[in-house]
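Student: Before we start, could you walk me through how the labels on this one are earned? I'd like each term set against its rule.

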Amino acid sequence: MALPTLLGVMVVVFVLIRVVPGDPISMMISGEASPDDIAKLREAYGLDRSIPVQFLYFLKTVSTGHLGTSISLHQDVLELIMGRLPATLELAILALFFATVLGVSFALTSVYWRGRWPEVAVDAANALALALPEFLWALLLILLLSVSIPLFPISGRTDPSNAAVFHTQFYLFESLFTARFSDFAEILRHMFLPAISLALPLTAVIGRVLKSSLLDAINQDYVLLARAKGFSPLYVLLRHALPNALIPTITITGTQFTLLVGGTVLIELIFAYPGIGNMLFGAAINRDLPLMQGITIVFAVVFILINICIDMSYALINPRVRLD
Amino acid sequence: MSKALLQVSDLGVEIGTGKHATRILRGVNLEIKPGEIRGLVGESGGGKTMVGKAITGLLPSSAVVSSGRILFQEQNLLELPAKNRRLLLGTKIAMILQQPSTALNPVLRIENQITDVLTRRLGYDRKSARDYALELLSMVHIRAPERVLRQYPHELSGGMCQRVVIAIAFAGKPSLIVADEPTTALDVTVQFEILKLIKELQAKTGTAVLFVTHDLGVVAKICDVVSVIFAGRILEQGRTEDVIGRPAHPYTQALIAASPRLDRPDAGLQPVPGELTASLWNDAVASDLEQSHA
């Protein structure tokens with residue numbers, strides 16, 4: 001299923017970015033270039049051919065494991081992306097982590113204390129988190145936690161003065177796993193605001209779906225039987241209701257997580273965060289066709305991988321779909 | 001006459017509050033002696049399940065006990081703090097539910113569903129809990145207990161699931177088991193097996209059972225004593241052979257007449273006169289109907 005999907009994405013992306021207005025050559029040359037020079041450049045990048053022929057050339061490049069050369073940066077597209085992708089992945093995973101922890105605690109709080117004030121408070125917080133899109137949260141949080149109360153830096157991934165050496169592009173994970181906790185804290189401080197802004201709308205979705213699944217689960221017979229065993233309400237909720245309620249929640253979290261990954265484009269722009277979303281924006285400004293299509297295809301691959309992960313986690317938690 | 005294990009007196013339960021309250025149990029009196037099987041029989045909607053839930057303290061959140069006492073081993077359960085009451089469950093009072101297929105948690109292995117009550121409530125360690133779980137499964141005549149422990153509920157038949165539920169109920173050697181229509185969802189041959197099993201374990205352990213059912217045939221097979229409930233009221237109670245052999249109350253007679261008979265296939269099916277509808281829960285209508293049966 002993954003390959004046809006990917007091919008479809010490539011066709012759509014390829015055609016779409018060629019039919020929209022804007023010419024990469026006119027963006028890269030200065031005013032004095034002769035029509036002859038322009039024609040030569042167009043030929044050099046293969047842009048004088050028809051779109052189907054260009055696509056076949058592109059497929060040929062892809063089949064050799066490359067995504068072409070960036071027009072604006074004059075570097076291999078795949079290398080450019082691989083240099084930036086880890087930053088985006090780390091941001092998305094951290095956001096997912098925040099959203100899951102917050103969303104699950106929201107749902108558990110409001111179900112455990114249902115009909116009392118914590119439920120009302122959590123439901124209100126949830127509605128608020130859902131009401132604003134991630135980029136508005138980003139601006140709001142910058143104003144609150146960087147400008148009014150300067151707790152967090154507003155841009156970048158690390159402090160420019162930080163001389164720490166990293167062997168991979170996964171700064172956050174590397175500093176964590178090599179136990180360099182001061183570097184870890186420093187990077188986390190930079191990533192906190194963008195990750196939270198990305199996480200808030202997803203938090204609300206997880207909170208709502210999980211809450212309604214939990215309310216459904218606690219009325220099931222197996223919860224009645226668990227209560228008849230004399231277990232505490234908290235144990236019944238966590239051990240007997242929660243695993244069942246997580247099944248629908250994981251599905252929706254997966255689809256919403258792809259939206260979150262898409263949301264990184266704007267968030268990275270707002271926080272000047274050096275990921276591929278930011279790079280995609282630059283590529284679009286410069287009409288850098290190879291870079292744009294490369295990044296879009298990488299996004300598509302990430303989406304497909306996420307969906308595979310969801311299917312796998314689904315089988316992990318639900319024994320009824322487990323394959324023997 | 002031995003002392004009652006459980007004595008329910010004047011129990012009233014309402015759903016809703018104030019003007020909109022519906023009384024679903026009114027003045028229920030019920031007594032269970034140690035080691036006896038008490039049948040509680042009535043139509044759907046008659047309130048029989050609610051009696052069981054009131055005793056275990058697992059009433060739905062919309063229902064409240066409005067009157068009466070539930071004396072269990074001489075303490076009034078209704079006056080116990082919620083936590084103390086909960087701690088009786090699993091140890092002294094256990095439950096068997098109607099739908100074996102939904103009574104077990106679909107995402108947990110059978111082993112965890114038996115051992116969680118053993119380790120968390122009955123003080124077993126992991127190793128001895130597993131051994132005892134195996135023992136319990138053999139006790140309910142499950143042939144390959146090792147394999148069943150590793151399985152999930154959806155891999156077992158309804159009858160097997162009910163055996164597991166029964167094993168869990170007997171695990172804490174409780175003094176009272178509330179069995180809410182434990183055979184209704186099973187097909188007839190399995191029904192018989194399960195009845196036999198409950199009777200056998202009950203005789204072996206000396207546990208008292210409140211057996212809630214709509215099926216007089218089942219009552220005749222298993223119960224020592226029986227109470228007939230209608231519209232939230234106990235109409236008649238006594239020894240099973242007396243109540244079924246010489247029913248005093250017209251409603252009991254109607255209920256017996258309504259049981260399909262294999263020996264008289266031409267007789268057809270006799271409906272119980274009157275209907276349990278929402279309006280019946282109005283006191284006036286209820287006593288009217290009771291009068292009409294009388």
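Tutor: Sure. One rule first: a residue counts as buried when its relative accessible area is under 20%, and as exposed when that area is over 50%. Keep in mind that this is a predicted model.

Student: Then why is Phe231(A) called buried?

Tutor: Phe231(A) has a relative accessible area of 3%, and the cut-off is under 20%, so Phe231(A) is buried. Tyr235(A) comes out buried too, because its value is 14%.

Student: What makes Phe231(A) and Tyr235(A) an aromatic pair, and why is it edge-to-face?

Tutor: Two checks. The ring centres of Phe231(A) and Tyr235(A) lie 4.7 Å apart, and the rule asks for centres within 6.5 Å, so they pair. The planes make an angle of 65 degrees, and over 60 counts as edge-to-face. By this rule there are 14 aromatic pairs over all chains. One aromatic cluster is formed by Phe97(A), Phe98(A), Phe152(A) and Phe192(A).

Student: How do you know that the charged end of Arg120(B) sits over the ring of Tyr235(A)?

Tutor: The distance to the ring centre is 3.7 Å, and the limit for CZ of Arg is within 6 Å. There's an angle condition as well, within 35 degrees of the ring normal; the charged end of Arg120(B) is listed as sitting over the ring of Tyr235(A). Likewise, Arg180(A) lies over the face of Phe166(A), 4.9 Å from the ring centre.

Student: What about backbone oddities: what makes phi of His74(A) worth flagging?

Tutor: Phi of His74(A) is near 50 degrees, a positive value in a residue other than glycine. His74(A) lies in the loop between α4 and α5 of chain A. Glu74(B) gets the flag as well, with phi near 70 degrees, and is found in the loop between β4 and β5 of chain B.

Student: Are those two residues buried or exposed?

Tutor: His74(A) has a relative accessible area of 52% and Glu74(B) has 58%. Exposed means over 50%, so His74(A) is exposed, and so is Glu74(B).

Student: On to the empty space. Why is the space lined by Leu225(A), Gly90(B) and others called a cavity?

Tutor: A cavity is a set of points where a 1.4 Å probe fits but cannot get out, so that enclosure is what earns the name. The structure holds 1 cavity of 30 Å³ or more, with about 90 Å³ of space in it. Its lining includes Leu225(A), Gly90(B) and Val165(B). α7(B) gives the most to that lining, with 4 residues, and the classes are 9 nonpolar, 2 polar and 1 charged.

Student: And how big is the largest pocket?

Tutor: The largest pocket has a volume of about 1,300 Å³. Of its 42 lining residues, Arg114(A), Arg227(A), Gly57(B), Leu58(B) and Leu59(B) are the closest to its centre. By class, that lining divides into 24 nonpolar, 9 polar and 9 charged residues.

Student: What classes line the second largest pocket?

Tutor: There, the lining has 26 nonpolar, 7 polar and no charged residues. The second largest pocket holds about 700 Å³ of space, and α5(A) gives the most to its lining, with 10 residues. At least three lining residues come from each of domain 1 and domain 2 of chain A.

Technical notes
Residues are numbered from 1 along each chain as its sequence is written. Chains are lettered from A and ligands numbered from 1 in the order in which they are written. This is a predicted model: local features need pLDDT of at least 70, side-chain atom pairs count only at pLDDT 80 or more; totals for chains, interfaces and linings use all residues. Side-chain values use heavy atoms; hydrogens and water are left out. On a 1 Å grid over the protein atoms alone, a cavity is a set of points where a 1.4 Å probe fits but cannot get out, and a pocket is an open set with protein on both sides within 12 Å along at least five of seven lines; lining residues have an atom within 4 Å of a point. Grid points are joined across faces, edges and corners, and a volume is the space filled by probe spheres set on the points. Ala, Val, Leu, Ile, Met, Phe, Trp, Tyr, Cys and Pro count as nonpolar, Asp, Glu, Lys and Arg as charged, and the others, Gly among them, as polar. Helices (H or I, at least four residues) and strands (E, at least two) are DSSP runs, numbered from the N terminus. Domain bounds come from an automatic or database domain assignment. Buried means under 20% relative accessible area, exposed over 50%, partly exposed in between (1.4 Å probe, protein chains only). Rings of Phe, Tyr and Trp (its six-membered ring) pair if their centres lie within 6.5 Å; planes under 30 degrees apart count as stacked, over 60 as edge-to-face and the rest as tilted.
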